[in-house]
Amino acid sequence: MNWLATTFARRALLALFALGVLSATTMDGRADQGSTLPPQTYGEDEIVTAGHQFFGSVSGGLASVVERAFSQFGEPNGYILGEEGSGAFVAGARFGEGHLYTRNAGTHKIFWQGPSVGWDFGGDGARTMMLVYDLPSIEAIYNRFLGVNGSAYLVGGVGMTVLTNHDIVVVPVRAGVGARLGINMGYLKFTDKPTWNPF
């Protein structure tokens, strides 16, 4: 009798354990599916509308530049609106500040700065929109992003360049006083606090 009760108890415990493992596996599977969903992105019309509101009367070529960015990289999962100042005579520096907008992680204050070296002359003060692609987390933006040579594109007073850090792509779109879309080998460093050190 005791042997029968012990065997039954063992089988019951094994069944409960198996049920628990199956339940946990199902829950983990659901969690994994949820975490691998594509990030919430912004459509081209949304970006163009936000850009027109931000740039105002100097946004003549904005739609063409944004269309070029979307055709190359698709829909961004974040964007930055801000202002910056820069100057160069072969070597130069750029400083800016603004806000990073995301659908699923809110809005964050952000600063950027960086040097540039190359065939690059002039100065400007510009409003800047930056499209951000494949950003896995807010912390991932706080890095140095290198410029892609030959990526400058200018239409109607609005220009774009391309910056990368591993899989993350940042596409600054600028409109403002002056022109500074030279061929350069610079980078931008994004921070959560202002600094005067461009390096």
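The predictor's confidence in each residue is given as pLDDT, on a scale from 0 to 100. In this predicted model, the chain has an average pLDDT of 73, and 63% of its residues reach a score of at least 70. Confidence varies along the way: helix α1, covering residues 2–35, has the lowest mean, 36, whereas strand β6, at residues 163–165, has the highest, 93.

The beginning of the chain calls for some care. Over residues 1–37, pLDDT remains under 50, and the model shows zero contacts beyond four places in sequence for this stretch. Where pLDDT is low, the predicted coordinates should not be read in detail.

As for the overall layout, the chain holds three helices and nine strands. A walk along the sequence meets them in the pattern α-α-α-β-β-β-β-β-β-β-β-β. Contacts in the chain often link distant parts of the sequence: of those between residues at least 6 apart, 68% join residues at least 24 apart. Buried residues make up 39% of the 199 in the chain. The area that the chain exposes comes to about 11400 Å², with 61% of it supplied by carbon and sulfur atoms.

A single residue, Gly-85, offers a closer view. Gly-85 sits in strand β1, which spans residues 78–101. Its relative accessibility is 32%, and because this value falls between the 20% limit for buried and the 50% limit for exposed, Gly-85 counts as partly exposed. Gly-85 and Arg-127 lie 42 residues apart along the chain, while their C-alpha atoms are separated by 9.0 Å.

Note on methods. Residues numbered from 1 in each chain as written. Predicted model: local features only at pLDDT ≥ 70, side-chain atom pairs only at ≥ 80, totals over all residues. Heavy atoms only, no water. Helix = DSSP H or I, 4+ residues; strand = E, 2+ residues; numbered from the N terminus. Buried < 20%, exposed > 50% of the residue type's maximum accessible area, 1.4 Å probe, protein only. Contact = heavy atoms within 4.5 Å. Areas by Shrake-Rupley, 256 points an atom, 1.4 Å probe, with all protein chains shown as cover.
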